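Today I opened a model to look up its disulfides, and I am keeping short notes on each thing I checked.

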Amino acid sequence: MTVGRPRHFARALIAGLAVTVGMTLGSVPFCAPATAAPVPPTTTPVTDHCPHRVDTPPPVDESEVVAPGEPTPTPLTVPETPVGGEQLAACGVVADPAVGPIPPALTSAGWLVADLDTGEVIAAKDPHGRYRPASTIKVLLALVALDELDLDTVITPTAAEWSTEGDSCGMGPGGRYTNRDLLTGLVMVSGNDCANALARQLGGVDTALDKMNERAHALGALDTRAASPSGLDAPGMSSSPYDLALIFREAMHNSTFRSMIGMREYRFPGYPRRPDVPGDTDHPAYQMHTSNQLLLEGYPGMIGGKTGYTDDARKTYVGVTERSGRQIMVVEMFGLTVGTNSYWDQTKALFDYGFRAPEGATVGDLVTASQASAGAPTTPTVAPSPTATPRTASATGTDEPTRWSVRLLIGLVAALVSVLLLLVAMRLFSRR
C-alpha cells in the first residue's frame, strides 16, 4: 500500500489538474463545452485598444488563404500622422460632446459621420481601423471605370464573368451590354459579374487592381488595398471608415455616378436562349432594383448608398442623405443586424445624429486629392497605438479579446501551480 500511495496521489492531482484547466479554459471559444451558457446580446464592439490599427479582423473562413507559390501580402504601413487630423488617430469613439450622445446599440466596429460638402468629420469610431470593405470597394472600381471607359461601348461577357459567384446583375452568354449597363448594375445591385467585366476592359484583374489602389492612394486613402475588383474577400483586402468616406465623397462629385447610385430601378438587358440548355428560351430584360433599402423605402432625403457583405467583412455601408440643403454621409464597417436591431435602423440613427450636429462641430477633416498629394506622409511607419485622445468616452460594450485573454492567463497559471504541486508530491513520496 505504501508503494501504491504515490500513484494514487499522482492520479488524483492529474485529475484535479484536468478539471482545473477544463473549468478555467472551457469558456474560451475554441474549446467551449457542449453545455455552454447562452450567448449574451451583442453589444457595441470596443476598439479603444486598437485591435485593427495594423491589420483586419481574423477571417472566419478560407477565402483569404494564399495560393501555393503566391506571396503573403504584408500589412499596409500606418502613417505617423493620421490622415484627416490628430484626433482621428483614436481607435474608440471620437466626437464633440456638445452634439449629444452617440446612438446606442451600434454593432459596427468602425463607423464615421461626415458633412459631404465641407468634409468635416462630425464623429467616428475607429476611423482608421482596417476592415474589409466587401462590395463598398466597387465604388473605387466605378471611379476608375468612369475615368477610362466609354459608357456606350458594348461588350459580350466571358463565361468566367457571367458565372461569377455571389451577387449578380444577371449577365448571360451571348448577351450584349454597354458599360453604362455594367456600371449601373455594379452600384445598384452590387453585381460581381459586372465588376469582372469592367476589370477586363481596364486591362485585366491585376491591372484593374493596380489602378484602383493607385487611385485610392492619390485620394489619401492609405488604409485601402483592393484585392478583388468585386469586394469578395481576398488576401490583403483592406479599407477603413475614413477611406471609404474619401472614396465615396470623390465619387459623389461625379454626376454620372451620383445619378446611378440614386436609381431605385433600371431595366437591365437580357440574353439569348442557351443552346447548351435543353428547352431554354430567350432571357428578356428585367427591372433591376437597388439593394439600398433606405432608397427603396423612401427614407427622407436619401440620395444614394452602397451596401456590402461577406462572411469575413460582415455588413458594410456608405451613403449620403440630404436635408435642408445639408448632405450628411455615413460609413459603417464590420457590423451586423442582431435580432430586432436592424442594420438599417442603425444607419438611420447615425444619419439623424449627423443632422443634429451644428455646422462646425468637427473632430477631423476629409482631405481632398490635392491635399493628399501635397501632404501625404512619405515615410510611413507602423504605429501600434494612437497618439491622440478622443473628446468623449469610448463606446459601451464588452471587450471580448481582453476578457478571453484574462481567462486564458488565469487558466495557464492554475495549470502551472497544479503541475508544480504534482512534482513536489511525487518527490516527497519517492523519498519514503
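I began with the connectivity: counting bonded cysteines along the chain, I find that the disulfides of the protein follow the pattern 1-2, 3-4. The model is a predicted one, and I count 2 disulfides in it.

Entry on the pair Cys-50 and Cys-91. I looked up the bond between Cys-50 and Cys-91 and noted an S to S distance of 2.1 Å. The torsion about this S-S bond is about 95°, so I recorded the disulfide of Cys-50 and Cys-91 as right-handed. I then asked myself where Cys-50 and Cys-91 lie. Both Cys-50 and Cys-91 sit in the loop between α1 (4–25) and β1 (93–95), so the pair ties together parts that are 41 residues apart in sequence. On accessibility, I noted that Cys-50 is buried and that Cys-91 is buried as well.

Entry on the pair Cys-169 and Cys-194. Here I found the sulfur atoms of Cys-169 and Cys-194 to be 2.5 Å apart, and the two residues form a disulfide. As for location, Cys-169 belongs to the loop between α3 (159–162) and β5 (177–178), whereas Cys-194 is part of helix α5 (residues 192–201), so this pair ties together parts that are 25 residues apart in sequence.

Last check, for this second pair: are Cys-169 and Cys-194 buried or exposed? I read a relative accessible area of 1% for Cys-169, which is therefore buried, and a relative accessibility of 0% for Cys-194, which also counts as buried.

Key: Residues are numbered from 1 along each chain as its sequence is written. This is a predicted model: local features need pLDDT of at least 70, side-chain atom pairs count only at pLDDT 80 or more; totals for chains, interfaces and linings use all residues. Side-chain values use heavy atoms; hydrogens and water are left out. A disulfide is a pair of cysteine sulfur atoms within 2.5 Å. Helices (H or I, at least four residues) and strands (E, at least two) are DSSP runs, numbered from the N terminus. Buried means under 20% relative accessible area, exposed over 50%, partly exposed in between (1.4 Å probe, protein chains only).
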